[in-house]
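Biologist: Hi! Could you walk me through this one? I'd like to start with a helix.

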Amino acid sequence: MNCPRCGSRTYVQNSRHADSTGYKINKSLLIIAENLISWYTRDWVVRRRVCHSENCDFDGVTIEMIASDIEDMMGQVLKGFGPFEEEEDYE
Ligand SMILES: [Zn+2]
């Protein structure tokens with residue numbers, strides 16, 4: 001995957017999936033995936049990617065899922081399911 005800021009190649013620093021050995025290592029990665037998609041599926045891989053290009057400090061997290069799962073998950077979100085709390089309406 002190329003850097004979304006500068007277009008250079010990014011490098012994977014860490015990868016984790018739901019059943020990773022060493023589950024407690026790099027727990028911050030797991031928490032991101034657990035919060036975003038584990039309500040729907042356990043079939044995912046989460047990766048921390050860093051750009052090594054000079055003058056670029058991109059450091060981001062990507063999540064890989066089965067494409068048909070993404071499509072169905074988005075359909076579930078449209079129906080109101082998911083991990084997102086409704087915002088208070090103060091009007
Ligand atoms: Zn970059």
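Modeller: Sure! This is a predicted model, and in helix α1 the residues K27, S28, I31 and N35 are exposed on one side.

Biologist: Okay, and which residues of α1 are buried?

Modeller: Those are L29, A33 and I37. Looking down the axis of α1, you find these buried residues within an arc of 30 degrees, so they line one face of the helix.

Biologist: What do the buried residues of α1 pack against?

Modeller: They pack against β1, β2, β3 and α2.

Biologist: Let me back up a bit. How many helices and strands does the protein chain have?

Modeller: The protein chain has two helices and three strands. Going along the sequence, the pattern reads β-α-β-β-α.

Biologist: And in what order do the strands sit in the sheet?

Modeller: The order is β1-β2-β3, in an open sheet with antiparallel pairing. At the edges stand β1 (10-17) and β3 (59-65), each with a single partner strand, so one side of each has no neighbour in the sheet. From one strand to the next, the twist averages 25 degrees.

Biologist: Where does α1 go relative to that sheet?

Modeller: Helix α1, residues 27-37, packs on the sheet and touches β1, β2 and β3. The direction of α1 makes about 130 degrees with that of β2.

Biologist: Back to the strands. How many bridges are there between β1 and β2?

Modeller: Seven bridges, in the antiparallel sense, with β2 covering residues 44-51. To spot the pairing on screen, look for R16, which stands opposite V46 in β2. You can also find V12, whose bridge partner in β2 is R49.

Biologist: What about β2 and β3?

Modeller: β2 and β3 pair over seven bridges, again in the antiparallel sense. Here V50 stands opposite D59 in β3.

Biologist: I clicked on Q13 by chance. Which strand is that in?

Modeller: Q13 lies in strand β1.

Biologist: Why does Q13 count as partly exposed?

Modeller: There are 13 other C-beta atoms within 10 Å of Q13. A residue is called buried at 20 or more and exposed at 12 or fewer, so a count in between makes it partly exposed.

Biologist: Which residues is Q13 in contact with?

Modeller: If you leave aside neighbours within four places in sequence, Q13 is in contact with R48, R49 and V50. As for V61, which is 48 residues apart from Q13 along the chain, the two C-alpha atoms are separated by 9.9 Å.

Biologist: New topic: the other helix. How many residues does α2 have?

Modeller: Helix α2, residues 67-78, has twelve residues. From its first C-alpha to its last, α2 reaches 17 Å, close to the 16 Å expected at 1.5 Å a residue.

Biologist: And how many of those twelve residues are buried?

Modeller: Zero, so to speak of α2 as hardly covered is fair. Just after α2 comes G80, with a positive phi of about 100 degrees.

Biologist: What share of the whole protein chain counts as buried?

Modeller: Of its 91 residues, 10% count as buried.

Biologist: Last thing: what is the average pLDDT of the protein chain?

Modeller: The average is 88, and 89% of the residues score at least 70. Among the elements, β2 has the highest mean pLDDT, 95, and α1 the lowest, 85. Where pLDDT is low, predicted coordinates should not be read in detail.

Key
Residues are numbered from 1 along each chain as its sequence is written. This is a predicted model: local features need pLDDT of at least 70, side-chain atom pairs count only at pLDDT 80 or more; totals for chains, interfaces and linings use all residues. Helices (H or I, at least four residues) and strands (E, at least two) are DSSP runs, numbered from the N terminus. Two strands pair if DSSP finds at least two bridges between them. Axes are lines fitted to C-alpha atoms, for helices over the stretch in contact, and angles run from 0 to 180 degrees between N-to-C directions. Two residues are in contact if their C-beta atoms, placed from the backbone, lie within 7 Å. The expected span of a helix is 1.5 Å times one less than its number of residues. pLDDT is the predictor's confidence in each residue, from 0 to 100. The arc is that of the directions from the helix axis to the C-beta atoms.
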